Each structure stands twice: as structure tokens, then as C-alpha cells.
Amino acid sequence: MKVQEAPNPLAEGLHDYRVADPAVMVIFGATGDLSGRKLLPALYNLAKQRSLPAGFAVVGAAMNELTDQAFRQLAGQKIHQYSRTQPIDDRVLAAFLDQLFYVKVDFSKLDDFRALAQRVRELDNTNHIPGNRIFYCATPPPTYQTIAVQLQAAGLNTGEGFHRVVVEKPFGYDLKSARELTQTLQKVFAEDSVFRIDHYLGKETVQNILAFRFANSIFEPVWNTNLIDSVQITVAEDIGIENRGAYYDHAGAMRDIIQNHGLQLVTLTAMEPPLAFEANAVRDEKVKVLRAIRPLIGEDIEQSTVRGQYVRGWVLGEQVPGYREEKNVAPDSQTETFAALRLFIDNWRWAGVPFYIRAGKRLPKRVTEIRIQFKRPPHLTFGRDAMKEVDPNAITLRIQPEEGISLKFGAKVPSAGLRIRSVTMDFQYQTSFLVEAPEAYERLLLDCMIGDPTLFTRADEVEAAWQLIDPIEESWRNSRPPLETYPAGTWGPPSAAKLLQADGREWHRP
Amino acid sequence: MSTTVRPGTETAWHGEDVTIREVLDALEAIRARFARSEAGDDEHVHPRNCVMTLISVTPSEADELSAEQTTLLIGREHPAQAIVIREEAPVRGHKLDARIGTEVQRPQMGCPTECEIITIHVGGQAADHLAELLDPLLVSGVPTYLWWLGTPPFGKKELLDALRICDGLVVDSARFEEPHRSFHGLSRLLKVAHHRLGLADMQWSRLRPWRETIAQFFTPADRRKFLSGIAEVGVDYAGEGRGNRIAAALVTGWMAAALGWKLKRAAAGPGGVVVAHYEAGARSVEVAFRSVQKDHLAPGELSAIRIAGASQGTTFRLTVQHDPERRAAQAEPAYRTLHPTEGEDDAGFELAERRAEWHRDVLHENIESLHHTATGDPPGESRPKRPVVLSRDRRRPDSQRVLLTMIEIGEGAPLRHVQQLDREDEVALLLDLLSTGTHDEVFNRSLAEASALVDRF
């Protein structure tokens, strides 16, 4: 039985005091894009916030031939370029870079992993580290299994201290590959040491969905099928696929966004209150939602899903090429850049409430939001005329870019007559709190160092999500429904609007 | 009331010998005008947001300017009802002089907001009844914070009266004119103020990086045992005398309260070192306070903390040092804000520059000795009555300040660690205090312990 450690009495009252134990973090793919843009700047900012303890060391591992010094120089450049906080503090940066090391690792060579193990052991001694290790796979998903196997072969997953591995989404390509990945990782690491990172969950506003629902007593009583008409989730991007053509053309909007971000937002919106904000309690409830979602099969898929691909159009005043004209995209690609679907959650709370989800690229604007639309009042006390300008009540949870929450309700227009109009009560994060929100990676990296997996995806969550998505992907491969096109800069193909029109509803324009 | 040299805001209204009712009417008119002008023809008026009422009580014109600037910077990002109060002798009528300054923010995303700062000069008996004066100006449903620049009138009815309408009082014990005496006053407030009142001290906030660094050392599971093995603590502080030992007492009080140490005695030792003896269960812990001369530190600032001991046969030593590599301080630009150019021509700049130079050379260089000659007080007992000069001088808006940590465990090689200190200007400290609330039980306990220790000095 794990003995609960007494809290450090000196840490009491230090708000936001979260500091990791000394550890070595090995970043595989340390010279790559994710490492340079996100991980190293996030670690620097953690150092700046005094969240990295004395002795914390980072070992970069990649194919390139680099010295420690050259890696430090590269890291310094990336931090200068991408750090959230500017200007860079030279003394903190210098101290942080001092604890950066580099080992060339060819993932196929066990000897390289042995050399890595040797370097890590040396750091244990010099930095008073009790064997704690974090292995971050900032590499393409196909390498995860190889890395895990080699870590085991080199004995890097055992010994004193903790041994954790972090992998980035996508967690597999389908249910089968996700299970294989899980099995491999679980052979090397205990499940509670596997941190599947979906950076969306590190966003303050995503976490605030739970705070909004469960820290207030006024919303939960109305958060069910009795009063809610429908839920709309929009994850829209104005950008195209940028340099990710090779990856995206195999993934598409369903795998890239809906299987992970989209379904995560569904679970957070729909889950039952967990017993505590604790890793397994939260994730248990999320999995229950995924399992309660009515699977789409056969004709349901044609009637409840839409897929589209953007063609040349105008976004934010600029003409942009069509998807098939993008680099590394097949000229006859059938990959969807827009996906929309209607889901039902078959449980007591949500019976009969449709969840509409859409995600796409080259839409008119970048916005992520969840809109909870309420039913109309049962009786028109003020008459139809007075109410004609009133929309149903709605709560909108805005995830990005203007993080906040708004509540729409009817109010009397000041005049001698009686007219009701919709007004909006707005809460904006930016102007309501006196602190700056940390970057998602900072939060998640620190969670991983501390060993808190609440905001990471558990294996059963991943599998439950793929179980829902696999049949849709299968049907789409057979062109059911057919791929439609939409001009870049519009809200998707015509069928997306029809999906809601068929139910007597329409998409909210974010 | 002067309406010139107000950085940032535009004077939207000012009145002399007015009532609060007139201030409220003016405020309402300003807000309505702004809402209408921003709404346009077809749009509805944007909702108004407010996260707190922040009242600043200022003892001098320089403080008033400083408070206006600070609240403006906070208000730019966080809509607040900002009120700046200055007590002055009534020169006309029996009412008050007031000014409303406004600044409009137009964020790229979101609605424009107007930040208003209400500055009120109040004199005579009205100044003794701040609660009644300010109550109508408070925003309902959001917390009210009272930021008292300088030394609050501890023990006086007027302070308790003002605290009636507040959820939190913010002071800076590093700016108290008589630090030793006023610190006791602050501590006594814990007992006499209403239970909702939160107490916050900017000096305590400045200690946060020290507290974090010390806590961090003991956080790993394998080092937790060292907490019960602490035998010696050394605290170095800049300046001389008991008045400069307040921060040192606070950090010691924090450790004592957290670790359950009981103060037994404190006595002066050789070389100006004061030693406090604590009982920690069956052990004793000795805390030595040493005054050091550090040009780059202001009187009272911590210079270093050393914690040493042994547990289960392993010795440990933690040393945290303030800015050991810091260069000599640059000439303080804050003096220049006391000497506005009143014009942007070369002659104006030249004149202001010369006044600032004179101010620094004549007043600052000799201010401590001039003060002690004038008052006869021993070093550290009281501070010169130009706190704004001192406080700005001591708190440079400098992001390059660090703590250097040295860790020695057993026979292992020392481990060096550098950590950045937070910004220590008033805006940053206030933001931090207000964002986390002023109810801090750890501070209250530490303050009580520190006060008991200061008693023995």
C-alpha cells in the first residue's frame, strides 16, 4: 500500500506553489519543432517561476550530432524566439541552460540508449537526484513503441525513484493501433506512469468548464435534458494545414481534432460530478460519458455526419489555396478538413439532447466554444410579438481566443410598450482576473513532474474514443456520406447546415 | 486641487468644495457618456465589468501620484473602481475636493473599457470618517481593498473605522516610519479588526521567493527528514538596528510557526549579532541575525539565509543569497518623477535633470545621517519622512534580481541553483496580493510569531 506522505509544512500558504522533485527529463526529438517551440520555452518559464527544483536536469536526445554546448545554444535561440514571457532573463536562462545536456540517440540502436542511461546516472550523482526520470517523446507517434522498448532494454525504466513517459496525441491511428501502443507502453511503464498529453486539457479555460459546472450551485440543476435543448461544440481554425500535409492527409479533421479535443470537450460538458478533482475520479466520469455515447453505425453515419474539404477561397481578406493544392497533399485526396457530427448520450441526464460537434480548417475565424442552448419558456407570458426578438437562453463557454463565459437572456427594452430583447452577460478571463494564465504545456509538464495525471488521457479513454470514431472512419472510406467541398473562409459544406436544419435548429455563429 | 501632471489619465471632471453626491453624479454622467459613445447607433450598450474596489490612502502628493499610477496600471487590465484619498488640511469650505480621471482601453479583442480614478482630498473631521465618506462609492458584490501607503494610524479609531467597509488592508511594513513600533501595531490589528478583514503586507510578499526556495529544499521526500534536524539558522539583513530586522523576523516567524518552534529567548551576541533561541521538541534551534553592509540592498532587506543541521547521520546546509553578483545600483530614475519637466523642451528637461541630481546628491546620500542627527533616534529605529524617495530607491523595477542557492548534503559536491526574484514594484506586489486575496493564515501566524520575536529585540 502506498503511504500518503505528510505535506511539507513550509509549503503551506504558498499559493500556486507547485514544484517537482529533482528529476532528469529526457526529451526524445529534442532538436525538433515541438521541443523548440513548446517544451524548452515551457521549461524555461517553469524555471523562471521557480517551479524547477535545484538539480533538475534536461537531457536532449535526438539523431543529430551535437555537443552539450551546441544543444544549449540551440535551446537558447528557441527560448528567445518562442518564450511566452519576454524579455528573456539572462541569468535564469543561463542557469537553466547549464542543466541542459545532449546525447545523440538513434532510436534503433540499443547502445545509444545505454550511453543515455550512463549519462542519466552521472546526473543523478552530481545533482542529488534520487533516480527520478521523465521520458518525453517529442517524436512522431510511430517511434513511441520503439523508444519504449529500447528504454526497457537499457534498464532505464527501473530502479529507484519514479519513471514516467509522456506521449503526444494522436494515440494511435485507430482502435487497433491504439491498443497496440497501450500494450507496449504498459509492458514498460505502469499505467499511472504513462502521461498521454492532449495540450487542450492544459488550457485554463478547458479546466474552467469543470469549475463552472461543479463550483457553482446554480448551473448544475439546469444542466440536463429537462432544460437543455442542445449542445454545440465548435473547434474552428482559420489556418490551413501549414507544413503538416504529410501527417494531415493521413489523419483528417476527425482523427486530428474530433477524436481527441472534440470528444474531450463533450466529456467535460456532459460528465457527472466526480467525487473530487482527482485523477481517477475525473477520468472515470469522462470514460462513462464516452461509453454512454450512442455509437453511430450503418445509416446513422450518413445521416449524422458531414465531411468536407476546403477549396480555394478567401480567409481574413487573403486568398488561400485549396486543400489539394497544399504541399504534401495528394492531388486526389479524399481527406476531410471539416467534420461535423450529431451525437446522443444515452443516459438519464442527457437523453434526447443532441450534441453537435464541428471542427475544421480554413473556416472564417479561429474559435473554440461550447454553446449550451436552453429550451424556450413553456408559455409566452408576454405574447408572441413581444418575444419575437428573443433567442432561447444560452450559455457559451469560450475556450479560445477570447476566453470567457457568456449568458444570454431576455430583458425588457426600455420603452412605454413591452418588448423583450436578448442581452448578453459577459465574463472575460482577460479582464476579470489579476493573473496571467500559464501556457498549457507549462501546466502539463509540471503536472507530469509532480505526478498528477488528472489532465492526461487514460488508456481506456483513448480506446473508448476510438471505438466511436472507427466505424465512422470506416464508413467514410466507402464514401458514405460523400466528401463535399466548401470554399475556404466559410463555415463548412452545405450539409453541415442541413444537419441542424433537419432538427429545426441552426449553428450558432461564433 | 491640482489637475496637472497626472500621468495616464485625462481629467474628466473636477470639483472643489463638493459632496460625495456630486462626485457620484459626475461619475454616473461620465459612464453614461462613455457607454453611449461606444454603443453606436445600432448596438446595445456594452456591459460594465468590475472586479474590485481599490481604495488608496496616501499621505503625500508624491504618494498620491504613485497610487494613481499604480491603480491606473492595474485598472487597465482589470476593471476596478479606483479611489485615491489624501488627507489634507481644509483650505476652503468644509467639504472635499475631488477629481475624476479617465482612460479608455480598446483591446484588440473585446469591448472597450473605461478606467476611472476618483481622487479625493479630504480634510478636517471628514477624514476621520472614511467609511461613511467612501461607502456610497463602493461597488456592490465585489471585494473592497484598502491600500494604505506609508504608516497607517495603528491603534486609532479612524483606522478601525475605515476598515469597517473593507475586506482587506494592504500595507508595506518596509515603509513604516517607525518600523519597530508600527510592526507591533500591525500585529495587534489581527486581534482587533473584524473577522472578515484580510491583512496583507508587501514586505511579506517580497519574502515569497525566499520562502519558496527554502520550502523547495525540503520538498523531496528523501529530504523531509531534515526539517526535524534543523539546528542553526542564520539571517543576514542590510542596515542596522531593530527597525531593520523586521523582514528577518518575519521569515523566522514563518519558520517557527510552520515547524512548531517555541521562542525561548533572544539576546545580543558579539559583533552585533542577535541570537534567538527556539525550542523544537527536544532540540534547540539557534537563529542568528546579522547586520551586513550591502550597497545594493535597501535597509531591512534580507541578504542571506543559512539553514544547517543533520538528520539520521546526514548533514545538510542550505544557503540562499540575495543577488551576490549584482552590480552597483544605477542612478535612481525615480527622483525624476518628483521633478516633472512641466514642458518637453530641452530647458525643461535640463532643469528637471539638475533638480533630480541635487535631490539624489544632497538628500539621498546623506538622508540617513541627516535624519538620525535630527531625531536622535538610534539606527533603524525610525525612517526619514520622505518614504517615497526611499521606497522607490529600494524597489527598483528590475527583473534581473536573483536568489542564489547552494545545497550541500553529506559528502556530495555543492549544488548551485539560480532563481529569479519576482518584480517588487508596487504594481506587481499589489497584483499578486489582490489576485490571491488578503486572507492568509500563514501570514497571520508568521506575523504573530515575528511580533513576539521583535518584542525580544
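The legends below describe close-up views of a predicted model with chains A and B.

**Figure 1. Overall build of chain A.** Chain A of this predicted model contains 15 helices and 17 strands, and its C-alpha atoms fill a box of roughly 80 × 60 × 50 Å when taken along the principal axes. For 510 residues a compact globule would be expected to have a radius of gyration near 24 Å, and the value for chain A, 24 Å, agrees with this. Buried residues account for 57% of the 510 residues, and of the contacts between residues at least 6 apart in sequence, 77% join residues at least 24 apart. The accessible surface of chain A comes to about 21700 Å², with 52% belonging to carbon and sulfur atoms. Chain A carries 59 positive and 64 negative charges, and the mean positions of these two sets are 4 Å apart.

**Figure 2. The largest nonpolar core and the surroundings of A:Phe28.** The largest nonpolar core holds 149 residues, and the members that touch the most other members are A:Ile27, A:Phe28, A:Leu43, A:Phe96, A:Leu116 and A:Met449. Helix H8 of chain A, residues 245–270, gives the most to this core, with 10 residues. A second, separate core of 97 residues includes B:Val57, B:Phe183, B:Ile246 and B:Leu263. When residues up to four places away in sequence are not counted, the residues that A:Phe28 touches include the aromatic side chains of A:Phe107, A:Phe113, A:Phe135 and A:Tyr136. Also among the contacts of A:Phe28 are A:Ala61, A:Leu116, A:Cys137, A:Ala138, A:Thr139, A:Ile147 and A:Leu151.

**Figure 3. Helix H13 of chain A and its cover.** Helix H13 of chain A spans residues 440–450, and because 10 of its 11 residues are buried, the helix is largely enclosed by the rest of the structure. The buried residues include the charged A:Glu442, A:Arg443 and A:Asp447, together with A:Ala440, A:Tyr441, A:Leu444, A:Leu445, A:Leu446, A:Cys448 and A:Met449. Among the elements that cover these buried residues are four strands of chain A, namely E1 (24–28), E4 (133–137), E5 (163–168) and E6 (194–197). Helix H1 (33–48) and helix H7 (204–214) of chain A also belong to this cover.

**Figure 4. Two cis peptide bonds in loops of chain A.** Most peptide bonds are trans. The bond that joins A:Lys169 and A:Pro170 is nevertheless cis, with omega about 5°, and A:Pro170 lies in the loop between strand E5 and helix H6 (175–188) of chain A. The peptide bond from A:Gln400 to A:Pro401 is likewise cis, with omega near 0°. A:Pro401 is placed in the loop between strand E14 (394–400) and strand E15 (404–412) of chain A.

**Figure 5. Positive phi angles at A:Asn328 and A:Arg362.** Most residues other than glycine have a negative phi. A:Asn328, although not a glycine, has a positive phi of about 65°, and this residue is found in the loop between strand E10 (318–320) and strand E11 (338–344) of chain A. With a relative accessible area of 48%, A:Asn328 is partly exposed. A:Arg362 is not a glycine either and has a positive phi of about 55°, in the loop between strand E12 (354–360) and strand E13 (367–374) of chain A. At 14% relative accessibility, A:Arg362 counts as buried, because the cut-off for buried is under 20%.

**Figure 6. Two buried residues of chain B, B:Thr71 and B:Ile407.** Chain B has 13 helices and 16 strands, and buried residues make up 55% of its 457 residues. B:Thr71 sits in helix H2 (residues 61–77) of chain B and counts as buried at 2% relative accessibility. Leaving out residues up to four places away in sequence, B:Thr71 touches B:Leu54, B:Ser56, B:Ala82, B:Val84 and B:Ile117. B:Ile407, in strand E15 (residues 402–409) of chain B, is buried with a relative accessible area of 2%. B:Ile407 and B:Leu318 are 89 residues apart in sequence, yet their C-alpha atoms are 4.9 Å apart in space. Beyond neighbours within four places in sequence, B:Ile407 is in contact with A:Ala54 of chain A, and its contacts within chain B include B:Phe217, B:Arg223, B:Arg317, B:Leu318, B:Ala413, B:Pro414 and B:Leu415.

Methods: Residues numbered from 1 in each chain as written. Chains lettered and ligands numbered in written order. Predicted model: local features only at pLDDT ≥ 70, side-chain atom pairs only at ≥ 80, totals over all residues. Heavy atoms only, no water. Buried < 20%, exposed > 50% of the residue type's maximum accessible area, 1.4 Å probe, protein only. Contact = heavy atoms within 4.5 Å. Rg over C-alpha atoms; globule rule 2.2 N^0.38 Å. Areas by Shrake-Rupley, 256 points an atom, 1.4 Å probe, with all protein chains shown as cover. Lys, Arg positive; Asp, Glu negative; His and termini not counted. Charge placed at Lys NZ, Arg CZ, Asp CG, Glu CD. Core = buried A, V, L, I, M, F, W, Y, C linked by side-chain atoms within 4.5 Å.
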